[in-house]
Amino acid sequence: MTRTIYLFSAVLLTISACKQSGSSSGAGSEARPAAEGKKPASDDIVLGILADLTGATADVGKPYNEGMLAYLDNLNAQGGIKGRKINALSEDYAYKIPNAEEKYKKYVQAGAVAIQGWGTGDSEALRSKVKGDELPFMSASYAEVLTDPKQSPYNFVVAPTYSDQMRIALDRIAASDPTAQVAVFHHDSPFGMAPVADGEQWIKDRGYKLGYKDYAMKGGATDHVGLLQQAKAQGAKFIVIQNVSSPAATVARDVAAQKLDMKIVCLNWCSDELFVKLAGPAAEGHWMVQPFAPPTAGKPGHESVRTYAKAKGFDLEAKGLHFVQGWYTMHVMARGLEKVAADGKPLTGPNLRTALETMDPVDTGGVIGPVRFSADSHRGATAAGIYKVEGGKMVEVATAVTPQK
Amino acid sequence: MIVPLATGIHHTSYASELALRNTRGEKARLGLGILALGALPFLLDSYWLSVVNAIGIAAIGAIGLNILVGFTGQISLGQGGFLAVGAFTSALLSGRAGVPIPVAIAAAVVVTAIGGVIAGLPALRLKGLYLAIATLGSQEIIEFVIRRWRWLTGGQGFLEAPPLGVLGWHVQRATFERTWYWVILGAAALGAAAARNVFRTALGRSFMAVRDHEVAASTIGVNVTRAKLGAFALSSGYVGLAGALTAHYSGTVSWERFTREVSVLYLGMIIVGGLGSIAGSIYGAAFLLLLPPLLSALADAVRTTAPFLADQLPALQVAAVGLVIMLFLIFEPRGLDRLWRRVRDYFGSWPFRY
């Protein structure tokens with residue numbers, strides 16, 4: 001009996017260990033700037049960054065994190081914030097909430113004044129903690145609940161929320177086919193669930209005649225044919241995907257392989273070059289709701305990023321829009337830090353919060369609409385661009401689209 | 001199985017026979033242990049104290065699992081699910097129904113124990129691998145329910161658990177880790193002492209009889225059904241307590257914390273610590289939860305010479321845990337507890353071999 005237990009657990013553990021290490025890609029760290037892990041001089045500003053470099057959302061998490069570190073590298077090279085360098089503590093938490101909590105505590109211990117988070121799950125989990133510790137927290141999660149200062153006084157959301165993106169997508173769908181059936185494929189997590197209920201409510205509020213049903217995408221699935229069959233039974237014409245690029249591309253390929261007449265509408269985290277690249281010809285004609293302009297759109301705001309990339313010898317187009325997204329998210333944070341310094345206040349969490357709430361709107365040169373926070377709202381922006389995949393490229397269809405009033 | 005601890009002990013009263021510790025050495029070690037535990041929150045910074053707190057909660061869960069697997073021989077892969085039952089029960093009762101938190105935690109213990117009995121019913125007919133799969137089934141069912149039943153989380157996918165507090169007193173943010181340390185230490189110490197004593201009662205001995213030989217046990221009058229279900233109930237009660245503490249300690253409950261991997265990790269804890277040992281459960285929890293942060297500290301220290309270590313840290317942390325368990329299975333299947341006993345016995349008779 002005991003023997004069986006040993007054997008069985010040994011096998012299980014081996015499997016789970018393999019599964020874990022298997023999911024990490026062997027991508028190198030070519031553009032990792034020196035900002036990371038440097039021993040801080042005493043007056044450095046300490047920032048904590050939660051990164052997903054090897055977990056479930058690593059495909060988009062890695063460029064985002066690189067963008068953030070690149071921004072700081074650039075900023076430090078130009079003298080930092082009033083001569084104070086920023087020391088970023090950036091660690092991979094592999095998209096696991098307990099890891100995020102552990103890293104967070106480590107950053108707090110190291111004296112971080114603000115945190116750049118990543119996923120919805122960890123942002124939610126840390127929400128009450130940052131409130132207690134009074135640490136401004138930005139994340140790459142754009143869940144609605146994080147924008148309300150009454151509920152989340154220290155969370156800041158720089159982009160339109162997932163719910164807003166869903167509303168924009170539904171507006172677009174209703175305009176093109178008022179009675180279409182919409183299937184929502186979402187990541188099986190708080191991140192995936194975030195816009196689902198709000199989308200359903202939006203259809204009711206706006207009086208749309210759209211059908212609406214949501215389906216959870218199983219993590220690690222190699223195909224989504226089963227889900228597509230259910231969507232087909234529903235009569236779905238549109239599939240809104242709230243997931244990262246790799247699984248979304250799988251859906252696109254399956255749609256093509258099954259010869260289904262369905263149009264995919266990607267929200268933020270699968271609307272990128274990676275989706276187009278992975279899905280190949282199957283990506284053609286699908287739509288994307290993406291608040292951050294891809295480098296190929298050539299907005300004025302891309303110039304500074306491109307200059308940095310050239311100086312460091314890498315190709316911005318290859319890094320993609322999530323690199324830019326990380327860059328400008330960090331830019332907003334840096335603006336807040338500058339404001340605190342300009343006001344001559346000591347750099348504390350509450351002061352940084354006030355600075356973010358009262359500073360001028362941050363102009364990103366068209367990459368994302370001006371980011372503006374106030375004491376009543378931490379919803380930085382409401383507008384997103386709409387793109388269509390044509391000839392293997394993201395082609396801009398409309399810019400600065402907001403949900404219908 | 002019990003190794004002679006010391007020779008020449010003659011009991012002259014019932015009280016001395018009932019004592020858990022007999023020799024001066026044992027008592028001295030206990031005293032040192034208590035001193036160390038008392039000094040810990042004043043020596044560690046809040047980060048390392050949070051690691052210790054996580055260990056404390058895991059130790060309670062591991063003791064629970066060891067009661068079932070190590071003492072009763074009923075393998076369970078449902079640990080993550082039962083932790084979830086405890087966490088959700090306590091968070092729902094205190095957060096949504098407004099029940100005082102200590103009452104909610106107690107209720108979580110009871111509810112999880114009942115859940116454990118239900119999940120343990122297959123154990124009356126199944127053994128070994130078959131039971132493992134059956135308990136894996138209950139893990140999957142519970143995981144499915146907490147992921148899909150929107151009422152549980154109000155459609156948000158996660159549930160907030162109110163911070164620990166009694167009668168208007170709440171844990172303060174500034175002393176958060178330290179306050180929790182005492183709460184967790186108290187719960188773990190009580191739990192460990194209770195578990196240790198259970199195995200000196202008829203009920204506890206019947207668990208071990210069932211583990212050693214079911215037929216023989218029933219021949220000498222052990223009610224096997226009662227023993228097995230009792231073990232499931234008791235074990236799940238501990239696990240429910242660990243789950244409820246996790247909920248209030250971290251403030252957020254979501255399914256991601258209670259997956260199959262967690263079940264396997266706990267199984268790893270009791271194997272590394274020592275199957276059938278209460279102290280071993282605690283050693284195992286400490287060992288497996290200290291390994292990742294220590295590795296991360298190591299990776300930080302050698303970042304310039306071996307950047308690979310830092311880049312692949314999460315994967316390495318998991319792989320290291322797997323490797324450690326394999327090494328234990330090969331070199332010391334009875335775990336850290338046995339290792340400790342061997343060291344102690346060696347020095348006890350040093351410089352002689354016995």
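The exercises below treat chain A and chain B of a predicted model, each with a worked solution.

Residues are numbered from 1 along each chain as its sequence is written, while chains are lettered from A and ligands numbered from 1 in the order in which they are written. Local features of this predicted model need pLDDT of at least 70, side-chain atom pairs count only at pLDDT 80 or more, and totals for chains, interfaces and linings use all residues.

**Exercise 1. Determine whether the length of helix 2 of chain A agrees with its number of residues.**

Step 1. Helices (H or I, at least four residues) and strands (E, at least two) are DSSP runs, numbered from the N terminus. The expected span of a helix is 1.5 Å times one less than its number of residues.

Step 2. Helix 2 of chain A covers residues 58–77, so its 20 residues should span 28 Å. The C-alpha atoms at its ends are 28 Å apart, in agreement with that value.

Step 3. Of these 20 residues, 18 are buried (20 or more other C-beta atoms within 10 Å of the residue's own, with C-beta atoms placed from the backbone; exposed means 12 or fewer, partly exposed in between). Just after the helix, A:Gly79 has a positive phi of about 105 degrees.

**Exercise 2. Establish the strand order of the open sheet in chain A and identify its edges.**

Step 1. Two strands pair if DSSP finds at least two bridges between them. The seven strands follow the order 7-6-8-9-10-11-12, with mixed pairing.

Step 2. Strand 7 (211–217) and strand 12 (393–401) of chain A each have a single partner strand, so one side of each lacks a neighbour in the sheet. From one strand to the next, the twist averages 20 degrees (axes are lines fitted to C-alpha atoms, for helices over the stretch in contact; angles run from 0 to 180 degrees between N-to-C directions).

Step 3. Strand 6 of chain A pairs in the parallel sense with strand 7 of chain A over seven bridges, and A:Ala183 stands opposite A:Lys213 in strand 7. Strand 6 also runs parallel to strand 8 of chain A, joined by six bridges; here A:Val184 faces A:Val240. Six of the seven residues of strand 6 of chain A are buried.

Step 4. Strand 10 (residues 287–290) and strand 11 (residues 384–390) of chain A are antiparallel, with four bridges. A:Val289 has A:Ile386 of strand 11 as its bridge partner.

**Exercise 3. Describe how domain 1 and domain 2 of chain A meet.**

Step 1. An automatic or database domain assignment supplies the bounds: domain 1 comprises 45–160 + 299–374, and domain 2 comprises 162–290 + 385–401. Their C-alpha centres lie 27 Å apart.

Step 2. In domain 1 of chain A, 17 residues are in contact (C-beta atoms, placed from the backbone, within 7 Å) with 20 residues of domain 2 of chain A.

Step 3. On the side of domain 1 that touches domain 2, helix 2, helix 4 (120–133) and helix 13 (321–342) of chain A each supply at least two residues. Helix 4 of chain A gives the most, with three residues.

**Exercise 4. Compare the radius of gyration of chain B with that of a compact globule.**

Step 1. The radius of gyration is taken over C-alpha atoms, and the globule rule is 2.2 Å times the number of residues to the power 0.38.

Step 2. For 354 residues the rule gives a value near 20 Å; chain B has 21 Å, which agrees.

Step 3. Chain B contains 16 helices and four strands, and 48% of its 354 residues count as buried.

How values were computed: Contact = placed C-beta atoms within 7 Å.
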